[in-house]
Each structure stands twice: as C-alpha cells, then as structure tokens.
Amino acid sequence: MVGGGSADLAPTVAVKIFSAGAAGCVAELVTLPLDTAKVRLQIQGESKQSLKGQRMKYRGVFGTIFTMVKMEGLKSLYSGLVAGLHRQMGFASVRIGLYDTMKQFYTRDSENAGIGTQLLAGCTTGAMAVAFAQPTDVVKVRFQAQVRLPESNSVKRYSSTFDAYKTIARDEGIRGLWKGCLPNITRIAIVNCSELVTYDIIKELILKYDLMTDNMPCHFTAGFAAGFCTTIVASPVDVVKTRFMNSAPGMYSGAINCALTMLRKEGPTAFYKGFVPSFLRLGSWNIVMFMSYEQIKRAVMRFQQSRDSPL
C-alpha cells in the first residue's frame, strides 16, 4: 500500500503479515456485534422458529441487537468470537499482508502498479485466504446464526468452537468445513479488491494533493471510503454466502441454487438484507483495521530499529 512507516527501512513481508493479522483481530473485537446482527438479518426468511413457534423478527441493526440482548443475553452479540479471531489470523494476514507482495510479483518489482495489477493482486490474495482459512468462516457463521433462548430446552447446535469444527467434519465430512468456498472466494475477491484498491487509491490521492499527512486522519478517511464501496458491491454475494454456509445439508444444491431460491421466494431485495449493518460493520471494520494495521506496522518497525540500532 502507498505510504511508508516511520522508518527508513521498508516493512518486511513477515511484518506485514503479522500486522495485518493483529489488526484484523482488533477490528473483529470492536465490530463483531454488528457482524452478528448482520448475519441474523441476512438469514431472516429461513425457517427458524422462535420459542412461540413463530419466526423471529428482527427490525434494523439496533433493533436486532436489542432483541438479541433481551432474548439471549449480552454474550449472544459475541457468538463466534473465537472462530472470528481464528478467521482474522488466517484471512487478514494472507489477503492484506501479502497484497503488496503480490503487486510486486505481478509488476516484476516495479513501484508503478496500475489498477489492473491492484485488482489482480487483490483477487489472488483473497482466493489464497479462502483456500487457507474457509473452515474458520463456516464455524463463525454457524455460531452467529445459532439462536440461544434461555427459556428453551432445545440443545445448542454446537457447545464450543472446537466442538463445531469436530461436529461439522463428522456429520458433513471434511468438505463441510469448506462449505460455501466458491461463493466465499467470489465474495472475498470482491471485498479484497474493493477494500484494498479503494484504500490504496484514496490514500494515494490524499497524499498526492497534500490534503492530509500520512497519519491517522488520512487512514480513517481512506478506510471509511473502502468500507462504503465494499458494502455496495459485496452485499449480494455476502448474503448468499451466509445463507448457504448456515444451511442444513441438502437445503440447497449449491450457491447458485441458494441465490435462485432467495430470488424466487423473497425477491431481489433479499440480496440486500442487512445492508445497514453490513455498512456499519464494513465501514467500522475497515476504519479500525486500516488504522490499526498502519500503527501496528509502524510500531513493529520502530521496535526492530531500536533493537538493531547500536547503543
């Protein structure tokens, strides 16, 4: 990404991978309640039954959060936290940490990467991240979609994160842990391109025209723009991904069948269910992640320089 740290020395690939994974975890901790609300809104319309035998109704992101806290307790907002942190350590470290490396690979170490190269690098690291860390995403979505009603005697779908990995592998086979891999590759490719390329372009323009210095206000602005653009283009794929990964075995024959079923039963607006929480989530996630990423990367570089410099 454009801009440098506080050091003369450019950050190594290892520093970028570590910083991206750590920043992803920070962003996950801050924004997971919004993501959980988004998942609940996205799966609304499937045959989930409430305690009274009627469909659970969520209205808006804050209404969803209020309903979840009231019906299931505060902990429900952080369903899937452990899997979410696993996910960020896998997804963010690869798709963000290796982005600059892939740009250099496609440009043969040239500093001038056009938008085509940036898009290609974003698609590549996004696909690599899904191939590596898809099971963590499946488990996270399953936990977020799991309704916990204290008054109900129903058994929870999974008792813990590692129980979820084990149960899915046992009941659905190893392929079950990679369920929804194709729509997720599509989604992550779109998300990666939207997030990283938008962030790159906005940050570069800000620095080029001296609107801000390469510091936190600049990172905030570029991160907000990246989140907004990403939400617009990625929401339909995100809804299909969530529905398909949370579905019972045999409910849909594939991601395309899932999308067609949604279109037929719920109409085109179904693809933008949870748009507001998606924007709140992606906007805030991008702001927190990119600001954390830049600061962690600089802190690691400062530590390395202080360690290596003579006394």
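## How the chain holds together

Residues 24 or more positions apart supply 79% of those contacts in the chain that have a separation of 6 or more. Keep that figure in mind as you look around this predicted model, since several of the pairs below are examples of residues with many positions between them in sequence.

What is the chain built from? It has eleven helices and zero strands. Read from the N terminus on, the elements run α-α-α-α-α-α-α-α-α-α-α.

## Overall size and surface

Let's step back and view the whole chain. Along the principal axes, its C-alpha atoms fill a box of roughly 65 × 40 × 40 Å. A compact globule with 311 residues would have a radius of gyration near 19 Å, and the chain has 20 Å, so the two agree. Of the 311 residues, 53% are buried.

The outside can be described too. The chain's accessible surface comes to about 14,700 Å², and carbon and sulfur atoms account for 65% of that. As for charge, there are 36 positive and 22 negative side chains, and the centres of these two sets lie 10 Å apart.

## One side of helix α4

Helix α4 covers residues 99-106, and its buried residues are Y99, D100, M102 and K103. Why do they count as lying on the same side of α4? They cover an arc of only 160° around the axis, which puts them there together. A general rule about helices is handy here: an α-helix has 3.6 residues a turn, so residues three or four places apart point the same way.

Which elements cover these buried residues? Among them are α1 (13-43), α3 (81-95), α5 (115-145) and α8 (181-208). After α4 comes R108, which has a positive phi, near 55°.

## Two buried charged residues

Now find K241 in helix α9, which spans residues 216-246. Is K241 buried or exposed? Its relative accessibility is 4%, and because buried means under 20%, K241 counts as buried. Setting aside neighbours within four places in sequence, K241 is in contact with D137, V141, P183, N184 and R187.

Next, look for E294 in helix α11, residues 275-308. With a relative accessibility of 1%, E294 also counts as buried. Which residues does E294 touch, not counting those up to four places away in sequence? They are Y199, K203 and H219. E294 can also be paired with A23: these two are 271 residues apart along the chain, yet their C-alpha atoms are separated by 8.6 Å.

## Helix α1 and its partners

Helix α1, already named as part of the cover over α4, holds A14. This residue is exposed, with a relative accessible area of 53%. How far is A14 from G97? The two are 83 residues apart along the chain, while their C-alpha atoms are separated by 8.1 Å.

F18 is in α1 as well. Leaving out residues up to four places away in sequence, F18 touches I296 and V300. Compare that with F18 and I168, which are 150 residues apart in sequence and 29 Å apart in space, C-alpha to C-alpha.

## F224 in helix α9

Helix α9 also contains F224. Its relative accessibility is 39%, so F224 counts as partly exposed. Apart from neighbours within four places in sequence, F224 is in contact with F279 and I287. The C-alpha atoms of F224 and L282 are separated by 8.6 Å, and these residues are 58 apart along the chain.

## A loop residue to look at

Where is D210? You will find it in the loop between α8 and α9. D210 is exposed, with a relative accessible area of 67%. Its phi is positive, about 55°, although D210 is not a glycine. You have already met another positive phi, near 55°, at R108 after α4.

Technical notes: Residues numbered from 1 in each chain as written. Predicted model: local features only at pLDDT ≥ 70, side-chain atom pairs only at ≥ 80, totals over all residues. Heavy atoms only, no water. Helix = DSSP H or I, 4+ residues; strand = E, 2+ residues; numbered from the N terminus. Buried < 20%, exposed > 50% of the residue type's maximum accessible area, 1.4 Å probe, protein only. Contact = heavy atoms within 4.5 Å. Arc of directions from axis to C-beta. Rg over C-alpha atoms; globule rule 2.2 N^0.38 Å. Areas by Shrake-Rupley, 256 points an atom, 1.4 Å probe, with all protein chains shown as cover. Lys, Arg positive; Asp, Glu negative; His and termini not counted. Charge placed at Lys NZ, Arg CZ, Asp CG, Glu CD.
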